[in-house]
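Let's take a friendly walk through this structure, one piece at a time. Keep the view open as you read.

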Protein chains: 2
Amino acid sequence: MLFSQTAEYALRAAVCLADRAGQPQTTQQIAEATRVPAGYLSKVLQALGRADLVTSQRGIGGGFLLARDADAISVLDVVAAVDPIQRIATCPLGLAGHGSNLCPLHRKLDDALASIEQAFASTSLAELLKTPGKIRPLCEVKITGDGANIAS
Amino acid sequence: MLFSQTAEYALRAAVCLADRAGQPQTTQQIAEATRVPAGYLSKVLQALGRADLVTSQRGIGGGFLLARDADAISVLDVVAAVDPIQRIATCPLGLAGHGSNLCPLHRKLDDALASIEQAFASTSLAELLKTPGKIRPLCEVKITGDGANIAS
DNA sequence: GGACATTTGGAGATTTATGTCCATAATAGG
DNA sequence: CCTATTATGGACATAAATCTCCAAATGTCC
């Protein structure tokens, strides 16, 4: 898998919270909506908390909320919180005398990383939600007024 | 790490073989040139063999050769042989009724995968070697006639 | 204060990726 | 045939990612 399972889970959770902004969601609720193992999701949410992407509140009526507006959180923010995209800055072979240049192979690989980073940085959670189409933004089954729109 | 260690190793080995085309390289030679643990490299080379990207020959004078010309092997071929880029074809949540559509999140992720796949598919090993610049194609130290060119 | 709900954090289990080692098979050369 | 060289394949060791579980700590409500 190119993206880690953890990153995938974090994104699902973040989109879920964005979709239900203002209403604190418990770990259980998010777990059910996103189909992520609850115990593990707990860890993922903690990581998002440490990255100041979500806030948490204990006790009745508690749960998790996005720390900022959904259009101020990028996909990259979420991914970076749990599984940072590690660019190739220096020669992976550890050879001396290479300066800041990379050989064509690693230049190519790093270019690929850069393009992903760029794509993720330029997409906010809000954009994922407001994308038009029949498929619901978050990957969950949802019924809207004009018919049953089922998400992927 | 976004790309697996194994994929990185496979690419190094492939570029090494492309750089020394026609001369069978033993596992040991490739291991030294690419700084990959010899024992593990052996497994990686076996995988490349199963994918018909390299041929092997036992005994004295034996070793590994590219099975085709370097311009007929893409970066994607090599990566796919050891760690296939798994596109998102269906809903990761396993929800029914999603058809072949993906929600915006997974569409975005799959688009990123597609762009990488495209970049890798359109780059051959030969291109990595003939890229101009001071840095040697393969990531190894090499001395050429017109001065010491050290790779990354 | 008591009962309940919820996150927190740590310990450990399980699975997968990575890496090591060695006996065996195949090949070349004398 | 014998020896040296090399890949092959399997068993195993280690490390990292993923996942589970539970005893706290913190919060709300009565």
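Tyr40(B) is partly exposed, with a relative accessible area of 38%. This value, like the others in this report, comes from a predicted model. The ring partner of Tyr40(B) is Tyr9(B), and the two rings make an edge-to-face pair, with 6.0 Å from centre to centre and 75 degrees between the planes. The pair links distant parts of the chain: Tyr9(B) belongs to helix H1 of chain B and Tyr40(B) to helix H3 (residues 38–50) of chain B, 31 residues apart. Tyr9(B) counts as buried because its relative accessible area of 11% is under 20%.

**Aromatic pairs**

How many aromatic pairs are there over all chains? The count comes to four. Another of them joins Phe3(B) and Phe120(B), whose ring centres are 5.6 Å apart. Their planes meet at 40 degrees, so this pair is tilted. Here too, distant parts of the chain are linked: Phe3(B) sits in the segment before helix H1 (5–19) of chain B, while Phe120(B) is in helix H5 (residues 104–121) of chain B, 117 residues away. Both Phe3(B) and Phe120(B) are buried.

**Around DNA strand C**

Which residues come nearest to DNA strand C? Out of 25 residues around this strand, they are Lys43(A), Ser56(A), Arg58(A), Thr6(B) and Tyr9(B). Both protein chains contribute to this surface: helix H3 (38–50), strand E1 (54–57) and strand E2 (63–66) of chain A, together with H1 and H3 of chain B, each supply at least two residues. By class, the surface near DNA strand C has six nonpolar, 15 polar and four charged residues. Of the strand C atoms within 4 Å of the protein, 69% belong to sugar or phosphate, and the rest belong to bases.

Tyr9(B), the buried member of the tyrosine pair, also has a side-chain N or O atom 3.2 Å from a phosphate oxygen of DNA strand C.

**Around DNA strand D**

DNA strand D is surrounded by 25 residues, and the closest are Thr6(A), Tyr9(A), Arg58(A), Lys43(B) and Ser56(B). Of the strand D atoms within 4 Å of the protein, 70% belong to sugar or phosphate and the rest to bases. The residues of this surface divide into six nonpolar, 15 polar and four charged.

Gln57(A) places a side-chain N or O atom 3.0 Å from a sugar or linking oxygen of DNA strand D. The elements giving two or more residues to the surface near this strand are helix H1 (5–19) and H3 of chain A, together with H3, E1 and E2 of chain B.

Here are some of the side-chain contacts to both DNA strands. Arg58(B) has a polar side-chain atom 3.0 Å from a base nitrogen of DNA strand C and one 3.1 Å from a base nitrogen of DNA strand D.

| Residue | DNA strand | DNA atom | Distance |
|---|---|---|---|
| Tyr9(B) | C | phosphate oxygen | 3.2 Å |
| Gln57(B) | C | sugar or linking oxygen | 2.9 Å |
| Arg58(B) | C | base nitrogen | 3.0 Å |
| Gln57(A) | D | sugar or linking oxygen | 3.0 Å |
| Gln46(B) | D | base nitrogen | 3.2 Å |
| Arg58(B) | D | base nitrogen | 3.1 Å |

**The hairpins**

In chain A, E1(A) and E2(A) run antiparallel and are joined by four bridges. Thr55(A) has Leu65(A) as its bridge partner in E2(A). The two strands form a hairpin with five residues between them, and Gly59(A) in the turn has a positive phi of about 85 degrees.

Phe64(A) lies in strand E2 of chain A. Is Phe64(A) buried or exposed? With a relative accessible area of 13%, Phe64(A) is buried. Phe64(A) and Thr27(A) are 37 residues apart in sequence, and their C-alpha atoms are 7.6 Å apart in space.

In chain B, strand E1 (residues 54–57) and strand E2 (residues 63–66) pair in the antiparallel sense over four bridges. Gln57(B), which contacts DNA strand C through its side chain, has Gly63(B) as its bridge partner in E2(B). E1(B) and E2(B) form a hairpin with five residues between them, and Gly59(B) in the turn has a positive phi of about 85 degrees.

**Cysteines**

A disulfide is a covalent bond between the sulfur atoms of two cysteines. Over all chains, the count of disulfides comes to zero. Cys16(A) counts as buried at 0% relative accessibility, and Cys91(B) counts as buried at 5%.

Terms used. Residues numbered from 1 in each chain as written. Chains lettered and ligands numbered in written order. Predicted model: local features only at pLDDT ≥ 70, side-chain atom pairs only at ≥ 80, totals over all residues. Heavy atoms only, no water. Disulfide = S-S within 2.5 Å. Buried < 20%, exposed > 50% of the residue type's maximum accessible area, 1.4 Å probe, protein only. Phe/Tyr/Trp six-rings, centres within 6.5 Å; stacked < 30°, edge-to-face > 60°. Near = heavy atom within 4 Å. Polar contact = N/O pair within 3.5 Å; in protein donor to acceptor, adjacent residues only side chain to side chain. Nonpolar A, V, L, I, M, F, W, Y, C, P; charged D, E, K, R; others polar. Pairing = 2+ DSSP bridges.
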